Amino acid sequence: MKIFTRTQIKELDKYTIEHEPIKSIDLMERAARAITNAITDRWAASVPVVVFAGPGNNGGDALAVARMLTDQNYQVQTFLFNISNHLSEDCAANKERLRSTRGNDLLTEVTQEFDPPRLEEGMLVIDGLFGSGLNKPLAGGFASLVKYINTSNAEVVSIDVPSGLMTEDNTYNVRANIIKATLTLTLQQKKLAFLFAENQQFIGELKTLDIRLSKEGIEKTEAQYTITEEKDLYPILKPRDPFAHKGTMGHALLVAGSYGMAGAAVLAAKACMRAGAGKVTVHTPKRNIQILQTAVPEAILHTDREETFFSEAMPTEEFQAMGIGPGLGTTEQTSIAMIAQIRRTQCPVVADADALNILGTRQAWMQQLPKGIILTPHPKELDRMEGQSLGSYERLAKARQLAEKLQGYVILKGHYTAICMPDGHVAFNTTGNAGMATAGSGDVLTGILTGLLARGYHQREACLLGVYLHGLAGDLAARELGEESLMASDIIRFLPKAFLRLKK
């Protein structure tokens, strides 16, 4: 699923109008009908409705919705804000349609002073002030109105985008001047801003309405951002050869664990095996031997010369993929061994956890990372590597720039994990849940990615498939166990069911 920018959304509307063909006012009517149906499905006609409409096309949508609700016997009070004495053409047309249908008493056109109506619990506010075209923070009277709505106990439905929220970058927005919606009815597709954690307080529940914009236009428009859907992964899945043996299913190397952190190596190794690797070798300090041989008897152990920490790089000629970092530690000797290990490795590499922490304190080493490397930082780890960010949009931009600079892949973990690719494209993942916010979850992802790479998946395929499977396994686990009790090992336990679901 593509995510379009503010400019692209406008162009797609124009393309639909020209090629369907359909008049812009009729396309607005179609959108308003979808919005109205979503409202009437949830709120009865006994609920008093107050509509706030702005001077642009978002306001035109709101006026059309007010008319349709009134036709269905809802008690609707409508306020159209025309401060500059200029309405968009379709907004002006819907103003006249509303007036001619119901009379002047139900529509108040605000041109100067505004005495706001009383908003109480049990009432519904329809926010049609500003939509996806907004490109600067709200100020003045509109900011005051937004604050008034937010302090009321009324429920709020925002049309397309909560007024005051910009569709992409809200780094320097005034957050007090953004509507806090109960429900956002966005048109055709999600907006980039909807995927960032700090914006969820404004969006509320999100529902995407299909207003039948041109399929041809959508296909023709290149999108920098996409959302991975399950159907996108079906062509990626590799069949397992009936005559396969462990030597043809890939040999993965995991450099993981220090004394007291053997669990990270255990989780990564188990996940790697569950991801389908034929063989898994774990390089780890001597003190971890008994734990690993007991917990993961299927794994091969290669022990470091040191008792408690990783200190020496090992040959990698026999491996098809390497994962490095889980529970590794960040001592000086380990740090030097880590970069030496990456430099001498010829197969695809996944770097996570302490490998990223080491890189965060040794910026010059970033230049030594091989092309195609996969980095899997959470937000704080990325901040350590690329500097503090003011918000999710800026952090995502830095992750994209890092992926392009390294010609590698940066998996920025979060509720909507963002896979940043060497060509600048970003794919967001939608599987996963809050129960996965638990120690070891990232180690499991490292194991899955390394296992898929060892199986022969390209880095791009491994990232898309691995992140999706990781989240899906977490969702299946949460469905049975609940989010509160979810542990990282549960994700591994449900990984086979995640694979089965995709293959079915």
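**Close-ups of two sheets and a helix pair**

Searching the whole structure, a predicted model, turns up nine aromatic pairs.

**View 1. Phe52 and Phe79 make a stacked aromatic pair.** The ring centres sit 5.8 Å apart, with 25° between the planes. Phe52 belongs to strand β2 (residues 49-53) and Phe79 to strand β3 (residues 76-81), so this pair ties together parts that are 27 residues apart in sequence. The backbone tells a matching story: Phe52 stands opposite Phe79 in β3. As for the two strands themselves, β2 and β3 pair in the parallel sense, over five bridges.

**View 2. Seven strands build an open sheet with parallel pairing.** Reading across, the order is β4-β3-β2-β5-β6-β7-β8. At the edges are β4 (107-110) and β8 (205-209), each pairing on one side only. From one strand to the next, the twist averages 20°. Helix α3 (residues 57-71) packs on this sheet and touches β2, β3, β4, β5 (124-128), β6 (155-159) and β7 (183-187). The direction of α3 makes about 155° with that of β2.

**View 3. Eleven strands form an open sheet with mixed pairing.** Here the order goes β1-β9-β18-β17-β16-β15-β14-β13-β10-β11-β12. β1 (2-3) and β12 (300-303) each have a single partner strand, so one side of each is left without a neighbour in the sheet. Zooming in on one pairing, strand β13 (residues 321-324) runs with strand β14 (residues 349-351) in the parallel sense, over three bridges. Gly323 has Val350 in β14 as its bridge partner.

**View 4. Helix α16 (residues 459-481) lies across four strands.** The strands in question are β15 (374-375), β16 (409-412), β17 (418-420) and β18 (426-428). Relative to β16, α16 runs at about 10°. β15, β16, β17 and β18 all appear in the eleven-strand order of the previous view.

**View 5. Helix α12 (residues 354-361) packs with helix α13 (residues 379-386).** Their axes are 7 Å apart and meet at an angle of about 30°, which makes α12 roughly parallel to α13. The crossing, as α12 passes α13, is left-handed. Who touches whom? On the α12 side it's Leu356, Asn357, Leu359 and Gly360, and they meet Glu381, Arg384 and Met385 in α13. Sorted by class, this contact has three nonpolar, two polar and two charged residues.

How values were computed: Residues are numbered from 1 along each chain as its sequence is written. This is a predicted model: local features need pLDDT of at least 70, side-chain atom pairs count only at pLDDT 80 or more; totals for chains, interfaces and linings use all residues. Side-chain values use heavy atoms; hydrogens and water are left out. Axes are lines fitted to C-alpha atoms, for helices over the stretch in contact, and angles run from 0 to 180 degrees between N-to-C directions. Angles under 35 degrees count as roughly parallel, over 145 as roughly antiparallel, 65 to 115 as roughly perpendicular and the rest as oblique. A crossing is left-handed if the near helix is turned anticlockwise from the far one by less than a right angle, and right-handed if clockwise. Contact means heavy atoms within 4.5 Å. Ala, Val, Leu, Ile, Met, Phe, Trp, Tyr, Cys and Pro count as nonpolar, Asp, Glu, Lys and Arg as charged, and the others, Gly among them, as polar. Two strands pair if DSSP finds at least two bridges between them. Rings of Phe, Tyr and Trp (its six-membered ring) pair if their centres lie within 6.5 Å; planes under 30 degrees apart count as stacked, over 60 as edge-to-face and the rest as tilted.
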